[in-house]
Amino acid sequence: MDLDKTIKARRSVRKFKSSKPNWRDILECIDAMRYAPMAGNNFSIKTILVDEEDKIKEITEASQQSFVGQVEYILVVCTTPSRTETSYGEKGKIFLRQQAGAAIQNFLLKITEKKLATCWVGYFSEKEVKRILSIPEEMQVEALFPIGYSMQKPELKRKLELDAFLYFNEYGNKKMNKIQKIDA
Ligand SMILES: Cc1cc2nc3c(=O)[nH]c(=O)nc-3n(C[C@H](O)[C@H](O)[C@H](O)COP(=O)(O)O)c2cc1C
């Protein structure tokens with residue numbers, strides 16, 4: 001799939017088929033995270049691929065979202081604070097969240113390309129997820145991703161038009177200057 005098609009085909013999926021994905025495909029999707037930009041090239045992400053039924057059940061309870069439990073695999077994405085925070089202090093805390101998002105988007109696009117399906121689940125009890133998976137206290141659990149095959153392709157959610165969030169040269173200015181207009 002080309003990049004433009006993949007970007008536009010991505011959806012949050014909350015209804016999964018019962019068939020089990022090939023774990024090698026999932027590993028390829030996780031591998032795509034390695035190529036995301038990271039401040040100072042400090043890779044700050046740890047992932048846990050969960051396939052044990054009892055843990056999937058417990059994680060589902062921790063998220064209070066029943067669709068999370070429809071699958072055979074859940075990927076849990078965490079950040080390790082140490083190196084980025086040591087190098088960049090308070091700003092490093094922000095970098096950690098930003099670069100997790102960049103890595104997650106790589107993962108989501110690869111999931112789409114592989115015709116797998118998932119949903120970014122950000123609402124869950126972090127304390128509970130840490131307990132279930134023995135995640136060290138100093139880590140941050142960023143998100144959960146139930147992974148399966150989509151039961152049906154969800155409609156594209158309403159997306160903002162470009163002109164709703166693009167300004168030129170100054171915040172709030174929607175007009176391109178003359179030279180840019182002539183070049184276009
Ligand atoms: C940070 C973040 C947290 C989210 N948390 C949840 C969640 O807990 N449960 C859920 O069903 N969807 C969650 N979503 C998915 C959004 O609801 C979804 O991306 C949005 O509705 C747009 O739909 P689309 O992804 O199909 O374009 C989350 C998305 C993001 C980026």
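**A sheet, its helices and a ligand shell**

Strand E2 is largely enclosed by the rest of the structure, because six of its seven residues are buried. The model is predicted, and this strand is a good place to enter it.

E2 belongs to an open sheet of four strands. Their order is E1-E2-E4-E3, and the pairing is antiparallel. E1 and E3 are the edge strands, each pairing on one side only. E1 and E2 are joined by six bridges in the antiparallel sense. In that pair, lysine 46 has cysteine 78 of E2 as its bridge partner. E2 also pairs with E4, again antiparallel, over seven bridges. There, isoleucine 74 stands opposite proline 146 in E4. In a regular strand, side chains alternate between the two faces of the sheet.

Now the helices that meet this sheet. H4 lies across E1, E2, E3 and E4. Its direction runs at about 155 degrees to E2. H3 also packs on the sheet, where it touches E1, E2 and E4. The direction of H3 makes about 120 degrees with that of E1.

Which residues of helix H3, residues 53-63, are buried? They are Ile56, Ile59, Thr60, Ala62 and Ser63. These residues cover an arc of only 160 degrees around the axis, so they sit on the same side of H3. What do the buried residues of H3 pack against? Their partners are strand E1 (45-50), strand E2 (73-79), strand E4 (140-148) and helix H5 (126-133). Just after H3 comes glutamine 64, with a positive phi near 55 degrees.

That sign deserves a pause. Most residues other than glycine have a negative phi. Lysine 115 has a positive one, near 60 degrees. Where does lysine 115 lie? Its place is the loop between helix H4 (82-113) and strand E3 (117-118). Is lysine 115 buried or exposed? It is exposed, because 12 other C-beta atoms lie within 10 Å, and a residue with 12 or fewer counts as exposed. Serine 134 also has a positive phi, about 55 degrees, although it is not a glycine. This serine sits in the loop between H5 and E4. Serine 134 counts as exposed, because it has 7 C-beta neighbours inside 10 Å.

Next, the ligand. Which residues surround it? The shell holds Arg11, Ser12, Arg14, Gln65, Cys119, Trp120, Val121, Gly122, Tyr123 and Lys157. By class, four of these residues are nonpolar, three are polar and three are charged. The charged ones are Arg11, Arg14 and Lys157. Cys119, Trp120, Val121 and Tyr123 are the nonpolar ones. The polar ones are Ser12, Gln65 and Gly122.

Finally, the chain as a whole. It has six helices and four strands. From the N terminus on, the elements run α-α-β-α-β-α-β-α-β-α. The C-alpha atoms fill a box of roughly 65 × 45 × 30 Å along the principal axes. Of the 184 residues in the chain, 28% are buried. Take the contacts between residues at least 6 apart in sequence: 77% of them join residues at least 24 apart. The sheet shows how strands come together out of sequence order: its order is E1-E2-E4-E3.

Notes: Residues numbered from 1 in each chain as written. Predicted model: local features only at pLDDT ≥ 70, side-chain atom pairs only at ≥ 80, totals over all residues. Near = placed C-beta within 6 Å. Buried ≥ 20, exposed ≤ 12 C-beta atoms within 10 Å, placed from the backbone. Helix = DSSP H or I, 4+ residues; strand = E, 2+ residues; numbered from the N terminus. Arc of directions from axis to C-beta. Contact = placed C-beta atoms within 7 Å. Pairing = 2+ DSSP bridges. Axes fitted to C-alpha atoms, helices over the stretch in contact; angles between N-to-C directions.
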